[in-house]
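Biologist: Before we discuss any details, could you put the model on the screen and tell me which terms I should have in mind?

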Amino acid sequence: MTSIGTSGSFTLGGRSVNRLGYGAMQLAGKGVFGPPRDRAEAVAVLREVVESGVNHIDTSDFYGPHVTNQIIREALHPYGEDLVIVTKVGAKRGTDASWNPAFSREDLTQAVHDNLRNLGLEALDVVNLRAMFDVHGPAEGSLDEPLGVLADLKKQGLIRNIGLSNVTAKQIEDGKKITDIVCVQNQYNLAHRGDDGLIEKLNAEGIAYVPFFPLGGFSPLQSSVLSDVANRLGATPLQVALAWLLKRAPNILLIPGTSSRTHLRENLAAERVDIPADEMAELEKIAA
């Protein structure tokens, strides 16, 4: 088993979490829809996650839907005191596995209660509002109304902290006028560097930045530069991509996901990959 802790910690919703966390999306079936092929392995992965020292798990009740949260509850409930579970609302799944906006007061309230029920919690540590103006990336549009709904649920004690996902810098600034924003979750990796300036700004404000798709997600990054650096360092391309993110900024929290214990161990070992300055310079060329 691989244990973690060398990459340090950062504050998320007023609590300290290890910078290397875990994303539960891949615990659902193909296309993040339906049950997993091997539920027992999914449960085993989650148990090894926390046994390895991970105390930040990212999930959503629209994964499956309901599937990943129910597996998390089966594997880990009652939860350890140091475990921070972050979930997302703002989308729902169609019967055809489509991803659809769910921004109404009724939709958001139902989503929060679904997360509470399926996770077996009385309050959610962090709830990210995922903007759905463009499912492929951030796009401008007002989040005032849905954020107001979440702020109301926070006042009721159902939510402790609020974050944002798939958002622009303007949406973050507008959101901070409505409620405290504790984290931002956007796509960011070696090749997808649009949030460089935003990461620095959030770091100065003590706000966590949680990149998803560290190796390109559904369209995996194909880079000979990355492969060559990984070969020279005796690591996998994904390990190098994760290690680069850890070195990129102290407020970056990672949530690589997998449904395999073998791959989990490979992911967690990424924090022990030391990238020297000359190799960092090579990796910087990927975005250029």
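Modeller: Contact here means heavy atoms within 4.5 Å, and please keep in mind that this is a predicted model.

Biologist: Which residues in α2 do Arg39, Ala42, Val43, Leu46, Arg47 and Val50 in α1 meet?

Modeller: The two helices span residues 39-51 for α1 and residues 67-76 for α2. The residues of their contact divide into eight nonpolar, one polar and three charged. On the α2 side, the residues met by that α1 group are Gln70, Ile71, Ile72, Glu74, Ala75 and Leu76.

Biologist: Is α1 oblique or roughly parallel to α2?

Modeller: The axes of α1 and α2 lie 9 Å apart, and the helices pack at an angle of about 60 degrees. Angles under 35 degrees would count as roughly parallel, whereas those from 65 to 115 would count as roughly perpendicular. The angle of α1 to α2 therefore counts as oblique.

Biologist: Is Val45 buried or exposed?

Modeller: Val45 sits in helix α1 and, leaving aside neighbours within four places in sequence, is in contact with Tyr22, Thr258, Ser259, Ser260, Arg261 and Leu264. The cut-off for buried is under 20% relative accessible area. Because its relative accessibility is 0%, Val45 counts as buried.

Biologist: How far apart in space are Ala208 and Pro250, C-alpha to C-alpha?

Modeller: Ala208 is found in strand β11, and at 0% relative accessibility Ala208 counts as buried. Not counting residues up to four places away in sequence, Ala208 touches several residues, including Asn251 and Leu253. Although Ala208 and Pro250 are 42 residues apart in sequence, their C-alpha separation is 8.8 Å.

Key
Residues numbered from 1 in each chain as written. Predicted model: local features only at pLDDT ≥ 70, side-chain atom pairs only at ≥ 80, totals over all residues. Heavy atoms only, no water. Helix = DSSP H or I, 4+ residues; strand = E, 2+ residues; numbered from the N terminus. Buried < 20%, exposed > 50% of the residue type's maximum accessible area, 1.4 Å probe, protein only. Axes fitted to C-alpha atoms, helices over the stretch in contact; angles between N-to-C directions. Parallel < 35°, antiparallel > 145°, perpendicular 65-115°, else oblique. Nonpolar A, V, L, I, M, F, W, Y, C, P; charged D, E, K, R; others polar.
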